[in-house]
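This report describes the fold and surface of one protein chain. The sequence and model are shown first.

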Amino acid sequence: MENKKNNAQYQLTNRFVKILTLLLIVVNLAFVSISLISSYRYLANQATEIMNTLQEVPQDTTEWTTLVNATTAKDDEDAVRILLENGPMYYSANGKAIFEKLAQGKALLLFRGIILSENKIYFYQKQEQMGRTVELAVHGTQIVELMMRMFLISLLLNIFAVLIGSLVIYLFVGKWSKTLHKMTKEMAEIEEDGAQERLLSVPNSPNEFRQVATSFNQLLDTQQQAMKRESQFVADASHELRTPLTAIRGHVQLIKRRGTQHPEVIAPSIEFIDKESKRLEILMNQLLTLGRSTVEKPVECVSLSKIIQQAADEFREKASQTVHMTIEEGIQMAADPLEIQQICQNLFENAAKYSQATDTITITLTKQGNTIFFNVSDTGPGIPDAMKTRIFERFYRIDHSRSSQIEGSGIGLSIVQTIVEKYHGTITVLDNQPRGSLFQIKFPSK
């Protein structure tokens, strides 16, 4: 029972019934108030008409009995009493008994002139006219009874509306609950089975459910792609780490087997071991950098111009290629200086690795409007269009046959892209003219 009360179908139906009931109570209270006021005005108007009629009667008339009976001909429960100045008093039919009862009745404070007498309702009015005092009691029980019957009928219709409305909303919400239950069941099955390719069924309506299912599938697809990339990354990292480790162990075994009798193999083996260990050190540092770059940490406004200028000057001193620089001064950005240096180092070294000593490398930093442009171009062999989107993948090499000839771990550009996206920027690869590649980074200045 507790679970049933917690489901959406029960709760929505319960809230609907409460809201509808409250609304109907307000409507019925308004109906009763309007009906009471309308009935009161009707009785008051009727009394005013009778008073106006009697006021037009001359003082010297001798037909007072006939007149008072004529005024109450429409309803024998009405009563009129006229007291003349000279003393005579005239009653309508049953008038004397009615006024005696009214004297024992109870007046209502809320509605002036209304008197309750023996379960009957009267509107009482007294008026001083020329040479006479007129008292009038208009019977209003029938009007009030009619009003109460209408109210009871309205109340029954309201109860019927609440019951029918509750049933209808319960059925409709039940239909939506089935959709939610199906979605929840599919989510649980996906989580339990660990199905990598399975997606959530998208309902046609309502729109909110369709949007939730679509968003969940997009999130699931993103997660699945991320898991695939991480799995591939682990496999590639294992391969990249295994290759130098295998070579190092091979030279260690070589020294153990032949080092004593053939000492000439020791020096080349130690040099190879040193080279491969440095390669491992660089790879491990890059992997750590790649992991740290995804962690959010406080940044401050730094001079992008000075950081890139310093990194470019250091690169030009050791590069064999010709390096041209155009660094616009005064460009600032909220960033971590070490991460900006990491971007420069990877882009500069990448340009140098794939360029000949006679080639030219160009570094530019400019600002246009609210966008900062950082470009690194070379005049090397260039990058095929089919490869331009894949070069940012971890451990991806354009030419695998040259992987052993060109130093590097294959994750430098992946580190650059991760850092750039961290600062809401974009990095693209374009064709440099007349030949080579152009790496263009765009940062928002704010």
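The model is a predicted one. In it, helix 4 (residues 95–103) lies across strand 1, strand 2, strand 4, strand 5 and strand 6. Its direction is at about 95 degrees to strand 1. Helix 3 (residues 64–71) lies across strand 1 (79–84), strand 2 and strand 6 (132–139), and runs at about 150 degrees to strand 1.

The strands that these helices cross belong to an open sheet of six strands, in the order 2-1-6-5-4-3. Pairing in this sheet is antiparallel. Its edges are strand 2 (89–91) and strand 3 (106–107), each of which pairs on one side only. Inside the sheet, strand 4 (residues 114–117) and strand 5 (residues 120–129) are joined by four bridges. Ile 114 has Phe 123 of strand 5 as its bridge partner.

Further along the chain, strand 10 (residues 360–368) pairs with strand 8 (residues 322–327) and with strand 11 (residues 371–378). The pairing with strand 8 is parallel, whereas the pairing with strand 11 is antiparallel. Ile 363 of strand 10 stands opposite Met 325, and Val 376 in strand 11 is also a bridge partner of Ile 363. Strand 10 and strand 11 form a hairpin with two residues between them. In that turn, Gly 369 has a positive phi of about 65 degrees.

The strand pairs described with their bridges are set out below.

| Strand pair | Sense | Bridges |
|---|---|---|
| Strand 4 and strand 5 | antiparallel | four |
| Strand 8 and strand 10 | parallel | six |
| Strand 10 and strand 11 | antiparallel | eight |

The surface carries a nonpolar patch made of Leu 152, Leu 155, Leu 156, Ile 159 and Leu 163. Together these residues have about 480 Å² of accessible area. Leu 163 is found in helix 5 (residues 141–193). Is Leu 163 buried or exposed? Leu 163 counts as exposed because its relative accessibility is 56%, and the cut-off for exposed is over 50%.

For the protein chain as a whole, there are 10 helices and 13 strands. Of the 446 residues, 36% are buried. The protein chain exposes about 27,900 Å², and carbon and sulfur atoms supply 57% of that area. Among contacts with a separation of 6 or more, 61% are between residues 24 or more positions apart.

Notes: Residues are numbered from 1 along each chain as its sequence is written. This is a predicted model: local features need pLDDT of at least 70, side-chain atom pairs count only at pLDDT 80 or more; totals for chains, interfaces and linings use all residues. Side-chain values use heavy atoms; hydrogens and water are left out. Two strands pair if DSSP finds at least two bridges between them. Contact means heavy atoms within 4.5 Å. Axes are lines fitted to C-alpha atoms, for helices over the stretch in contact, and angles run from 0 to 180 degrees between N-to-C directions. Patches are made of residues with over 30% relative accessible area and no salt bridge: like charges are joined within 9 Å, nonpolar side chains (Val, Leu, Ile, Met, Phe, Trp, Tyr) within 5 Å. Accessible areas come from the Shrake-Rupley method with a 1.4 Å probe; for residues, only the protein chains shown count as cover. A salt bridge is a side-chain nitrogen of Lys or Arg within 4 Å of a carboxyl oxygen of Asp or Glu. Buried means under 20% relative accessible area, exposed over 50%, partly exposed in between (1.4 Å probe, protein chains only).
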